[in-house]
Amino acid sequence: MAKNQLKESFEVENAFEAFHTGGFVAWNDEELVCQDNEKINIVNVESGKVERSIRGGSGEGDVDDATYTFAVSQEGNLILSAHKSGLLKLWDGPTCTLIRMWRGVHQGPISRVTFRTAKDTEIVASGGCDSSVRIWDYTKKICLANLRGCQGVIGLLTFAATEPVIYAVGDDNRILGWNYENRVVVVKLEAHYSRVTSISLTPGEDFLVSTSRDKVLILWDLKEKKSVKVIPAYEALESAVILPNDITIPGGITLQSDGVHVAVGGESGQIKVWDVTKAKLIFTHTKSLVSKAEDEGGLSITQLLWCPKTQRIGIVTADHNILIHNIGTFHCAKQLIGFSDEILDMAFVGKKDRYLAVATNSPDIKFYDTTTMNCQVLKGHTDIVMSLAARGKVLVSASKDSTVRLWSLKPDSFEVNCIGVGRKHTASVGAIAISRISTSFFVSVSQDLCLKLWSIPKEASDEDSLICSVTQMAHEKDINSVTVSPNDKMLATGSQDKTAKIWNATDLSLMGVLKGHKRGICCVRFSPVDQVLLTSSADGTLRIWALTSLSCLKTFEGHEGSILRTEFISRGMQILSADAEGIIKLWSIKTSECVTTLDRHEGRVWTIAIPSNEKQFFSGGSDSRLLQWKDVTEEKKTEERQKVQETVLQEQELNNLLHQRKYLKALQIAIRLEKPQMTLKIVKSIIEAQVEGLEGTIDGLNDMDKETLLNHATKWNTNSKNCRPAQLVVNILLKNMLAGSFRPSGAAKLVETLLPYTDRHLRRVTEYMKDLNFVEYTLKSMQPHADTS
């Protein structure tokens, strides 16, 4: 498709939204099972897309029942969830259908559930805020045991595979184990001085490993029921997984079968592998992509996952990202963004616009490979990133930390490095733009009311200080937007002072001021082909200005809220605009009319990113949704042409059937073509010709065609001339409704429309019958006096 082809229609091709907002995560081979507020999402590890979801409601009409926690069976085919209503629900994993549910009978919310790890078992456990642990047979939905002894909220539950034993942890820093068949405490482990965050059984179940926020890792001998090793970790630990023996980790280290090897993660953001039998640290992942917790005792890594099938380790972070590492190299193979908060800006980077940089309500930049939606996080800013701009392999970013950063993408790789930092602004930097022809300069605007011109060095090393060549006091109020002209000779800025200004790109001398908007200007853009400037404002209008005369040429009205972002497309012949109501509009500059309206966001749309081929675009906003829109103009036109051809053929067939007096087949086609007058004519012909089979023909229609026919009959019923065919059709359809084979939408409204006219027809027919009876009586009365001679 030529990129100057005028667009007419867009559809959402992909929607990337939050799939993990906190809580438990389980890894089931090629899928991750994550908690997202009140639902459970099953996410494909490779694509990062949500393949299916489980909501709390057990049926289509049910109100969602908030999900508190869940567990996945060892085979991965069952999911057990606990809900706000106190119900436990068992789901089929592959289909997400409800198998059975029962009441948990805990006095308060259920905080943890788990499956017994042994195969072919039908036992699950639940732990509640009432300090009790309950054992269930989910096939019979009966409680087998109610175990008490813990204090506070049950935070951890683990079954032993070979014995009828379950281990639990509450708020009292103790690990208790019960034989749930005779309901006796068989293990009581006390050594931690702070909350226990994980417990893991070794494969032989002779030992148990626990981590805690008291900064120690403990190996317990379950036979002796005592601690064997207490290992200081010097950081609060949140999770641990026991690694299988005989695998190789970085450094060529092979885990020997005579030891217990544990990977732990905590506030440092680094994964460490310990041989706990020897109390020896054997590996530290120093090049971790997870930031250290800001405060002591804070959260960084919240959970570790191990996938035996793929030999990968997963890291769940406090900011809801999930990182997948190959255990042999600890190379990050995949990074999934569970939650992005507000999306403030986006920019395409790299050859053929393959990569997409996304600024969220965070100091980090999310950098996506659009072919796989794999992501890496670019760290460097210390406050929220407000704006992005890119050309080729160069990316520039602006932040609330008063700095701008220059990033470079390594050719043919997915590696991005910061190569420069500019620190000349004295307040939050709100917008940034890069040169269009070359990558020789970029410009930034800030809340310090300054416009700055920065030089991009030809060669740069790690985080060199960038040179600001020119500074200009640009506006009297906050500056919202800046852009560079296609020939790199002019700049434009838009401000809260309701003006846009044109600047010389060499020395930042003022070339003109554009006045006319009634409220602040949110976005400015140069046309790629004409000497005009496009502005969008909080007054809900778009304006096109002539650069030569500085006059307003066109005004576009139609948005109800502030227009936050606007872009030229179709070689400057059309405009995309996004507003604070979540609406995106496509405009034709030639006609000044809105071509189409896109309404899929649930909040402000802050940004739009359009690649050079214009076959698609991305939008993002305050609803945390990253939407990928596809241009379907050509597909829609093809569909319309096919519909026209099909309609012509059906109309020809209809005419042939009418000519052959095959009224019943003609009726079906007329209904599908939605021709009410033709349908009425056919029904009248059937009545006049006394053709049998009308009721059977109507009975054989699908629900959509029946509803169309009912709507037609409702309209016919308003005219007394057509009341007979209308009443005949309504009578047949009402029989279908009574039999349950037809359920129209809005039936009550249709009945309300039918009743007054039907009543009127009934009164009229009643009057006719009275008159007819009177005439008949008169004739009979005259009969004896008739002259028979």
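**Helices 5, 6 and 7**

I looked first at how helix 5 (residues 703–716) packs on helix 6 (residues 723–739) in this predicted model, and found an angle of about 140 degrees with the axes 9 Å apart. I took helices (H or I, at least four residues) and strands (E, at least two) as DSSP runs, numbered from the N terminus, and axes as lines fitted to C-alpha atoms, for helices over the stretch in contact, with angles from 0 to 180 degrees between N-to-C directions. The pair is therefore oblique, since angles under 35 degrees count as roughly parallel, over 145 as roughly antiparallel, 65 to 115 as roughly perpendicular and the rest as oblique. For the contact (heavy atoms within 4.5 Å), I noted K706, L709, L710, A713 and W716 on helix 5, and A726, V729, V730, L733 and N736 on helix 6.

I then turned to helix 5 and helix 7 (residues 747–782), whose axes come within 9 Å and cross at roughly 25 degrees, so I recorded these two as roughly parallel. Here L710, N711 and T714 of helix 5 meet L750, T753 and L754 of helix 7, and I note that L710 is also listed in the contact with helix 6.

**Basis of the values**

I kept in mind that residues are numbered from 1 along each chain as its sequence is written, and that side-chain values use heavy atoms, with hydrogens and water left out. Because the model is predicted, local features need pLDDT of at least 70 and side-chain atom pairs count only at pLDDT 80 or more, whereas totals for chains, interfaces and linings use all residues.

**Cysteines**

I searched for disulfides (a pair of cysteine sulfur atoms within 2.5 Å) and found 0 in the structure. For C143, the nearest cysteine sulfur is that of C150, 15 Å away, while for C522 the nearest is that of C523, at 8.1 Å. I entered C143 as partly exposed because its relative accessibility is 33%, and C522 as buried because its value is 14%; buried means under 20% relative accessible area, exposed over 50%, and partly exposed in between (1.4 Å probe, protein chains only).

**G76 and two annotated repeats**

I located G76 in the loop between strand 6 (67–72) and strand 7 (78–83), and its 12% relative accessibility makes this residue buried.

Lastly, I checked the UniProt record (unreviewed entry), which places "repeat: WD" at several spans, including 556–597 and 598–630. Residues 556–597 are 0% helix and 60% strand, with end C-alpha atoms 14 Å apart, and residues 598–630 are 0% helix and 52% strand, with end C-alpha atoms 12 Å apart.

Notes:
UniProt positions are given in the numbering used here, feature names are shortened, and annotations may be inferred rather than shown by experiment.
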